[in-house]
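Welcome, and thanks for taking a look at this one with me. Please open the structure below and keep it beside you while you read my notes.

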Amino acid sequence: MGAGTPHTPMMQQYLGIKAQHPDMLLFYRMGDFYELFFDDAEKAARLLNITLTTRGTSAGAPIRMAGVPYHSAEQYLARLLKLGESVVIAEQVGDPATSKGPVERQVARIVTPGTLTDSGLLDETRDTLIMAIAVANDTLGVAWLNLAAGRFQVGEIAPSALPALLARVRPAEILAPDGFDFAAPCAVRRLAPWQFDSASAATRLAQQFGSRDLAGFGVADLHQGIAAAGALLDYIQATQRTALPHIQAIHAERDGEFVQLDAATRRNLELSETLRGEASPTLLSVLDTTATGMGTRLLRHWLHHPLRDREILTHRRDAIGALLERPDTAAALTRVLKSCADVERIGGRIALRNARPRDLSGLRDTLALLPGLAALLPDDTARLAALRASLAARPDLHAGLARAILPEPASVLREGGVIADGFDAELDELRALTHDAGTFLLELETRERVRSGIATLKVEYNKVHGFYIEVGRAQADKVPDDYRRRQTLKNAERYITPELKAFEDKALSAQERALAREKALFEALLDTLTPHVPDLLAVAAALAETDVLASQAERAATLRMCPPEYVSDPGISIRGGRHPVVEAQVDHFIANDTQLSRTRQMLLITGPNMGGKSTYMRQVALIALLACCGLWVPAASARLGNIDQIFTRIGASDDLAGGRSTFMVEMTETAHILHNASAKSLVLLDEIGRGTSTFDGLALAWAVARHLVSATRAFTLFATHYFELTQLSQEFRQLANVHLDAKEHGADLVFLHAVEEGPASQSYGIQVARLAGVPSPVIAAARRRLRELEDAQLQAGPQGDLFAAAQASTVAEHPALDQLRELDPDSLTPKAALDMLYALKAHL
């Protein structure tokens, strides 16, 4: 830019706002557009594929600019937020007609990926969360907030547990101190370390919650967590620029609250996202027949947060059972719920004062449905009785909204047509002036025709010239003296009279005043509703849970599920278990049993590729997880002891970005399991050691299996193609061999998918390769080489001797080792050293 040349006043205003938000895009309102300038314009043009132009100069340099229409800004905002960008929106607050300089503009809101509340920007099927991380020596304080619902969580974790937490919470935005490096799955906003101060954070949080301190919330001991929560609250207050009345409490998450799942397990079990990152087919897509977005979000939350509290799980399970016994009731609940608005998010928008007219009409209509919903709910289980009480009618709240809001209000407040007739006398009067204009104009036209004697005289209106009296050119000489010419046309003249001008001033000002009055009444209505937000969020929670329970009753009946039984004895007992996602994709699914206990702690699973080993293991994990969510499970029966964690090590791929090979990924995940699994954990391991040489892989698989069965004592499903491992059952009685079999039928291979006791007889690898389309000459060569290898193995002795030899070698050491241990090299004479060499050689 030109040195010494000042910026224009408007650009000075823009640059002043931009300087306060240097790392965000600035939407600067100019008339009917939001404009972006300079670097922001170039970035937005690239990200949004909009036109970049140059117009005028400021400080001696051309002004680069790009813009989006204000009435369609939401779609552009949604795209930017999805890309991780944050946007500052500056609105015109001054009056262009009275402003001597540039119209004054102020920041109206700041929209970031983790602070979305607008219905047009949110995904109705998943929560949008923002997280903050405070860093201490060996502890991370974490806090996360669902701004739309006002749910605030806090905790403390070891740094190694951060990936698992991020996979569970799935934040859309993270606040982290400068210098803290981690693998972030979303947009990261860097803050100065001083913004994570625990003492000042505790004070600010207590002020927000209206309490003296944080002792009553059970978080006082979480100093780093409080530091993170304080930084997060500051950020929310700065971006929302309004009070946050719906954030009234904070909840501490403790390690023992949930059945822990690491990031690899969530990915491998495909709970809500396939391995390819798609929404279906997944466990959520199979189970989700909910009627509302609130229900879908709660079901997703339950699946990602399996619980250890058996009382909560039993209440959920029994509530589903009660509705299953009343299928007509469950169906009726679902029908009514389909007409319910998203009360959770509407409540949040009321609190943040950005609710729209149709939010309030939707809330009104949903409140009208509560008595019918409550009447439908049976009260013969504790949970359903509690939900019935939570859905009791709110007659005063409903009546107030019904009186205030039109049955079908306009979508946005600026258009008017929101407040109901009869609600406010002043508004009714202003509306009458506008609505009665037609009657007045017809009467005026009739009177003026009589007075002037011009039968074709017309009284009309347009937005450019306002009201006017139109007379044909041929009869212009007949107009009365008080007519004043307003416009001349080719064949007509248009006039205004003192009476018509007075009416015009009154009518046009009435329309503006009516819009202003409606806006004031709407803001007052939000003031009235704000104290009710906590109650509305409680209604929303009850609606969501009712939706989930009713939908799961339908799923339990349709998918032939059973109620899980929770027992104190350690172990898992499943009869006729099925994989719910795979079963939905095939015509006929083979159900299988699973027995795990202290005397049957590990199942060593062998069998051919494509035989169903991975499906069998995953179905056991999914049945255990569903039981820990309080949901019914796809089995004939299921008994579950206490489970603290579920681990999976299934499949592998290179981590190219992290510079890790397939085998390195496999070993890293295996190490994580060996370090963290306990005797109450469920562990799934699929083909450990396949990523390296045969003997290395076999030795590793053998050692991992022995450690899990003898040291960790976790309940383990261990699938392998190393048949040598089946001999471990001779050493450990708590290890059982099972297999999935296949049969050769002529040239075909038939997979039976049934789990049988004992090890498999062969792997059928070459037959599977033929099914995959490997060329016939290659298959024939492979068969010849297999026969040669098998013959060579028979001549050398059975391969199982590998472990027998390894075990024998650990029992009897070579005598030369004892001699070497006793040797003192410094005291040996040359003759003694030579004698020792001869003695050692003799041992050969």
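1. Is Met-610 buried or exposed? Before the answer, please bear in mind that this is a predicted model. Met-610 counts as exposed, because its relative accessibility is 61% and the cut-off for exposed is over 50%. You will find Met-610 in the loop between β21 and α21. Its backbone deserves a look too: phi of Met-610 is positive, about 70°, although the residue is not a glycine.

2. Arg-560 makes a good companion to that point. Its phi is near 55°, again a positive value in a residue other than glycine. Arg-560 sits in the loop between α19 (533-558) and β18 (565-566), and it counts as exposed at 53% relative accessibility. For background, most residues other than glycine have a negative phi, and most peptide bonds are trans.

3. While you are checking the backbone, please visit Ser-280 and Pro-281. The peptide bond that joins them is cis, with omega about 0°. Pro-281 belongs to the loop between α7 (263-269) and α8 (283-287).

4. Next comes a sheet. Seven strands make up an open sheet with mixed pairing, and their order is β13-β23-β24-β25-β21-β26-β27. The edges are held by β13 (260-261) and β27 (748-757); each has a single partner strand, so one side of each has no neighbour in the sheet. At the β13 edge, two bridges join β13 to β23 (residues 645-649), and these two strands run parallel. To locate the pairing on screen, start from Leu-261, whose bridge partner in β23 is Ile-646.

5. Helices lie across this sheet. One of them, α21 (residues 613-627), lies across β13, β21 (602-606), β23, β24 (682-686), β25 (715-719), β26 (735-745) and β27, and runs at about 165° to β24. Another, α23 (residues 694-712), lies across β21, β24, β25 and β26, and its angle to β25 is about 165°.

6. Now for the charged side chains. Side chains of opposite charge can pair when their charged atoms come close. Searching the whole structure gives 52 salt bridges. One of them is between Glu-85 and Lys-43, at 3.1 Å from N to O. This pair links distant parts of the chain, 42 residues apart: Glu-85 is in the loop between α3 (73-82) and β5 (87-92), and Lys-43 is in helix α2 (residues 38-48). Glu-85 is buried, with a relative accessible area of 14%, whereas Lys-43 counts as partly exposed at 27% relative accessibility.

7. What about the salt bridge between Asp-342 and Arg-297: how far is it from N to O? The distance is 2.9 Å. Asp-342 lies in the loop between α11 (327-337) and α12 (343-351) and Arg-297 in helix α9 (residues 293-304), so the pair ties together parts that are 45 residues apart in sequence. Asp-342 is buried, with a relative accessible area of 19%, and Arg-297 is buried as well, at 3%.

8. Arg-517 and Asp-424 form a further salt bridge, with their closest N and O atoms 2.7 Å apart. Arg-517 is in helix α18 (residues 498-529) and Asp-424 is in the loop between α15 (395-404) and α16 (425-435), so parts 93 residues apart in sequence are tied together. Arg-517 is partly exposed, with a relative accessible area of 25%, while Asp-424 is buried, at 11%. Elsewhere, salt bridges that share partners join Asp-127, Arg-151, Arg-297, Asp-342 and Glu-344 into one network.

9. Please also look at the surface around Leu-834. Together with Leu-837 and Tyr-838, Leu-834 forms a nonpolar patch with about 350 Å² of accessible area in total. Leu-834 lies in helix α29 (residues 830-842) and is partly exposed, with a relative accessible area of 42%.

10. A last stop is Glu-731, in helix α24 (residues 728-731). Glu-731 is partly exposed, with a relative accessible area of 35%. Its C-alpha atom is separated by 9.4 Å from that of Arg-706, and the two residues are 25 residues apart along the chain.

Key:
Residues are numbered from 1 along each chain as its sequence is written. This is a predicted model: local features need pLDDT of at least 70, side-chain atom pairs count only at pLDDT 80 or more; totals for chains, interfaces and linings use all residues. Side-chain values use heavy atoms; hydrogens and water are left out. Two strands pair if DSSP finds at least two bridges between them. Helices (H or I, at least four residues) and strands (E, at least two) are DSSP runs, numbered from the N terminus. Contact means heavy atoms within 4.5 Å. Axes are lines fitted to C-alpha atoms, for helices over the stretch in contact, and angles run from 0 to 180 degrees between N-to-C directions. Patches are made of residues with over 30% relative accessible area and no salt bridge: like charges are joined within 9 Å, nonpolar side chains (Val, Leu, Ile, Met, Phe, Trp, Tyr) within 5 Å. Accessible areas come from the Shrake-Rupley method with a 1.4 Å probe; for residues, only the protein chains shown count as cover. A salt bridge is a side-chain nitrogen of Lys or Arg within 4 Å of a carboxyl oxygen of Asp or Glu. Buried means under 20% relative accessible area, exposed over 50%, partly exposed in between (1.4 Å probe, protein chains only).
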